[in-house]
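Here are my notes for someone opening this one for the first time. Keep the viewer at hand and take the points in order.

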Amino acid sequence: MTFLHLRRRSRRRTSSSTINHVLRTSLTSYCHVLLFLLVISSSFLYNNNITVNASPTIKDKHHLTAIAELKRLVPPPIKQIGGSSEVDAINDDAYYARFLSVNEWDPIKTESSIRQSIEWRKRVQPHKLRPRHCPTLCRQYAWLALTTGPGSKMILNDNNDNDDQLQDDTNNDYKKKKNQPPLDPPYNCPPLQSWRTTKHGLPITYFRCWKWKPELASSKESETHLAYHIHHLLRRIPNNNRKKKDVSRICVIFDMRGFETYMLPHIHKCINILRCQYPGRAGAMCFINVPIYFTTVWKIISPWLDDEIRSKVFFAERGVDDVEKAVGFLNGMKLKTGLF
């Protein structure tokens, strides 16, 4: 056998062993990936174990123990039904912590309220709501989601034509649909704009009382509209990972021009939804342009609030008479942005 033949045979053996080594490595890697996927899928199929994930805002052992106990009493739904994984997720530790925080961190005391809230979310499904589900109230331009960027100030124009259209009793449906203003606030931020926040990172809604006509909407639409708008506010919270800030609260500026006492039952309903379904979410509730007699009205409204919300209510001084001044007023304050 010549030297050339021996060299060729050696090359074939080396090539064969290399191929076998690659096959064995690939097969091993495939098995590892398969095992990993099996473990992950089993964690989705079975939700019997209650886990508590310590977040940067929940480190206290007493709080973590209370969350674990409340999760034992009221296990998180296997399927997410109240919100997305990023916004107001029911299976999030922070969701349980917010309810506990307004109930002295007592799991027994909190059990009934969180059960009721989960059932409410199953029924209303805030994460699925869009402006078309509450058209009457979304055309009033009473609850404005503030933005920054080109054209962001146009929404603040006080155009009374919308009020006339809402109360138009004509039977010409085509004319009514043609002249109707677009629904607001839009689900997504307008092009070239961004959602506006305070310097603390709280998303801002500007409530214009003189534009609000709650009596024109059904009770169901009123509930739907408030659920849509609060969830809209939560979606506007800046990404905490990018800003490196713990922001989980919201800001509403209430311009009380045009307030009438017939609105009190509707205000009571709004407060109940915020208090019972979204505890620990109020960051700043700022009132401007309140009428002289509002001190008497506040004595009626104040008992409807719990201590947690009441501590976030601010009455701006008389010189603060528009939304820009109100934002500046809030920016000069130290506001609570997270759970703690």
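Which residues have the most contacts inside the largest nonpolar core? Keep that in mind for the first point, and remember throughout that this is a predicted model.

1. **The main core.** The largest nonpolar core counts 65 residues, and W212, I253, M256, F259, F294 and I301 are the ones with the most contacts inside it. There's also a second, separate core of 16 residues, with I58, Y95, I114 and I118 among them.

2. **F259 and V297.** Try clicking on F259: setting aside residues up to four places away in sequence, F259 touches C209, L264, I267, P291, Y293, F294 and V297. The last of these, V297, sits in helix α11, which covers residues 294–301. With a relative accessible area of 5%, V297 counts as buried because that falls under the 20% cut-off. Beyond its neighbours within four places in sequence, V297 is in contact with F259 and L264. Have a look at T261 too: its C-alpha lies 8.1 Å from that of V297, though the two are 36 residues apart along the chain.

3. **The sheet.** Now turn to the strands. Five of them make an open sheet with mixed pairing, in the order β1-β4-β5-β6-β7. At the edges are β1 and β7 (313–315), each pairing on one side only. From one strand to the next, the twist averages 20°.

4. **Strand β4 and its partners.** On one side, β4 runs antiparallel to β1 (residues 143–145), and three bridges join them. Here A145 stands opposite T205, while L144 faces Y206. On the other pairing, β4 and β5 (residues 250–255) are parallel, with five bridges between them. Y206 turns up again here, with I253 as its bridge partner in β5; I253 is also one of the residues with the most contacts in the largest core.

5. **Is β4 covered or open?** How many of the five residues of β4 are buried? Five of the five, across residues 204–208. In a regular strand the side chains alternate between the two faces of the sheet. In β4, I204, Y206 and R208 are on one side and T205 and F207 on the other, and both faces are covered. Note that R208 is in the buried set as well.

6. **Helix α8 and H232.** Helix α8 (residues 219–235) lies across β1, β4 and β5, at about 125° to β5. Within α8 you'll find H232. Why does H232 count as buried? Because its relative accessible area is 1%, and the cut-off is under 20%. Leaving out neighbours within four places in sequence, H232 is in contact with A145, P185, P186, Y187 and W195; A145 is the residue that stands opposite T205 in β4.

7. **Helix α4.** This helix (residues 107–124) has 18 residues and reaches 25 Å from first C-alpha to last, close to the expected 26 Å. Its buried residues are P107, T110, I114, S117, I118, W120, R121 and V124. They pack against α2 (61–73), α3 (93–101), α8 and α10 (264–277). I114 and I118 also belong to the second core.

8. **The ends of α4.** At the N-terminal end, D106 acts as a cap, with a side-chain oxygen 3.0 Å from the backbone nitrogen of I108. Just after the helix, Q125 takes a positive phi of about 50°.

Methods
Residues are numbered from 1 along each chain as its sequence is written. This is a predicted model: local features need pLDDT of at least 70, side-chain atom pairs count only at pLDDT 80 or more; totals for chains, interfaces and linings use all residues. Side-chain values use heavy atoms; hydrogens and water are left out. Buried means under 20% relative accessible area, exposed over 50%, partly exposed in between (1.4 Å probe, protein chains only). Helices (H or I, at least four residues) and strands (E, at least two) are DSSP runs, numbered from the N terminus. Two strands pair if DSSP finds at least two bridges between them. Axes are lines fitted to C-alpha atoms, for helices over the stretch in contact, and angles run from 0 to 180 degrees between N-to-C directions. Contact means heavy atoms within 4.5 Å. The expected span of a helix is 1.5 Å times one less than its number of residues. A polar contact is a pair of N or O atoms within 3.5 Å; within protein, one must be able to donate a hydrogen and the other to accept it, and residues adjacent in sequence count only if both atoms are side-chain atoms. A nonpolar core is a set of buried Ala, Val, Leu, Ile, Met, Phe, Trp, Tyr and Cys residues joined through side-chain atoms within 4.5 Å.
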